[in-house]
Amino acid sequence: MHLTTKTPLSEDLKRLIGQPVSAIDTPALVVDLDAMQRNLHRMAEFAQKRGIRWRPHAKMHKSSAIAKLQMQAGAVGVCVQKTSEAEAMFAGGVHDIYISNEVVAPSKLARVADLAHELAAERGQLAIAVDSTEGVRRLANAMDDRRRRGQPAVIDVFVEIDVGQGRCGVRPGRLAAELALEIRRHPALRFAGLQAYHGKAQHLRSAQARRDAVATVAQDVQFTRKMIEAEGLSVPLVTGAGTGSFANEAASGVFGELQAGSFLFMDADYAANERDPAQPQFEHALFVKSQVMSSGLLHAVCDAGHKSHAIDSGLPTVLVREPTGELEYLNGGDEHGILKPTGGNQRVPRLDETVWLIPGHCDPTVNLHNLMIGVTGGLEQGRVDKVIRVDARGALT
């Protein structure tokens, strides 16, 4: 495993490498590199056996080092959601990037065009999603401005259709076909296919509910493809899917690329889903290491509050381990987490004990940290192997 950082580490961080896990100060975002590698292998094997492309979301880990590790394992590139995330990935050496989101502000589109040409110079490729005629024309104007300067790069453009998320995207069918035709009118744009991501399906708890939702997605995609092909255009690729449902998209026969990304760290919310036996079994690999800072008769308090983990998908769960036993994490505010024994456990953690938290939602949790501490050999007896910079932390534009 080769993870590199693009800027020098501080002397304190350099000294941390090789030290036991107990040397990691708290609260800290910790990656179990062994578990992450197993998750990576299982996903890569799944995609390879089915002959389907895999383009994971780098918005999850926001690290160019991890992105390159995924590409070494077989990913064709990465997805991001923001222009600044794409810029951070490129700065870290990633050269196949898809902004799977709409960008309409002229200032941002100028950056998109610049990045497209910078990637082309490195024999890379940039792609982007659109869902409006105006968005297509603004993108074309930004690209044409660079072409007038002698930079003839072409950007791949996906038409996003709303397949149930109720967020961005045009309705499946005629409107999508009209956008594909508009893309064809502009020399700097290349129609690359359809973006069909159903985010809500990822968190439907039952496996059957997810299968049913994706079956409807497949019908919408097939209908839209027929409408586009009737206009004399081919649909080179359909891309989408996430950690909750990717086996269903892969089996649908209409998707050529999977965007699943959270499986790599596997947060508490995804773990709450009923497992679909068609998908590999993934392990938790992302944790917040915390320390008990106060201990009473009925509860203890750890030093990891909401500033160390996102709570949009619920509070973190506590990794069950000896000697702390089963614990419930309760809201303690920005800097504190309240821990209460549960599940028959009567023991309150003592002062200084380590408690490992599993974030409810990995993506925004990572965005709260500058660094991830990568350990090998397990959380109990392991050692620090890598310090991984969160290159795109705060990359919101």
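1. Arg174 is partly exposed, with a relative accessibility of 38%. The model is a predicted one, and the values in this note are to be read as belonging to that prediction. The partner of Arg174 is Glu231: the two form a salt bridge in which the closest N and O atoms lie 2.8 Å apart. Arg174 belongs to helix 7 (residues 174–184), while Glu231 sits in the loop between helix 8 (207–229) and strand 8 (238–240), so this salt bridge ties together parts that are 57 residues apart in sequence. Glu231 also counts as partly exposed, at 29% relative accessibility.

2. A salt bridge also links Glu87 and Arg111, with 3.0 Å between the closest N and O atoms. Glu87 is in helix 4 (residues 83–91) and Arg111 in helix 5 (residues 106–121), so the pair joins parts that are 24 residues apart in sequence. On accessibility, Glu87 is partly exposed at 26%, and Arg111 is partly exposed at 24%. The cut-off for buried is under 20% relative accessible area, so neither Glu87 nor Arg111 counts as buried.

3. Asp385 and Lys386 meet through their side chains in a salt bridge, at 2.8 Å from N to O. Asp385 has a relative accessible area of 27% and is partly exposed.

4. How many salt bridges does the structure hold? The count is 25. Some share partners: Asp114, Asp145, Arg146, Arg148 and Arg149 are joined in this way into one network. As a general point, side chains of opposite charge can pair when their charged atoms come close.

5. Turning to helix packing, helix 2 (residues 33–50) packs against helix 3 (residues 64–72) at an angle of about 40°, and their axes are 10 Å apart. That angle makes helix 2 oblique to helix 3. The term roughly parallel is kept for angles under 35 degrees, so the angle of about 40° falls outside it. The crossing of the two helices is right-handed.

6. Which residues make the contact of helix 2 with helix 3? From helix 2 come Met36, Gln37 and Leu40; from helix 3 come Ile66, Leu69 and Gln70. By class, the residues of this contact are four nonpolar and two polar, with no charged residue among them.

Terms used:
Residues numbered from 1 in each chain as written. Predicted model: local features only at pLDDT ≥ 70, side-chain atom pairs only at ≥ 80, totals over all residues. Heavy atoms only, no water. Axes fitted to C-alpha atoms, helices over the stretch in contact; angles between N-to-C directions. Helix = DSSP H or I, 4+ residues; strand = E, 2+ residues; numbered from the N terminus. Parallel < 35°, antiparallel > 145°, perpendicular 65-115°, else oblique. Left-handed = near helix turned anticlockwise from the far one by under 90°. Contact = heavy atoms within 4.5 Å. Nonpolar A, V, L, I, M, F, W, Y, C, P; charged D, E, K, R; others polar. Salt bridge = Lys/Arg side-chain N within 4 Å of Asp/Glu carboxyl O. Buried < 20%, exposed > 50% of the residue type's maximum accessible area, 1.4 Å probe, protein only.
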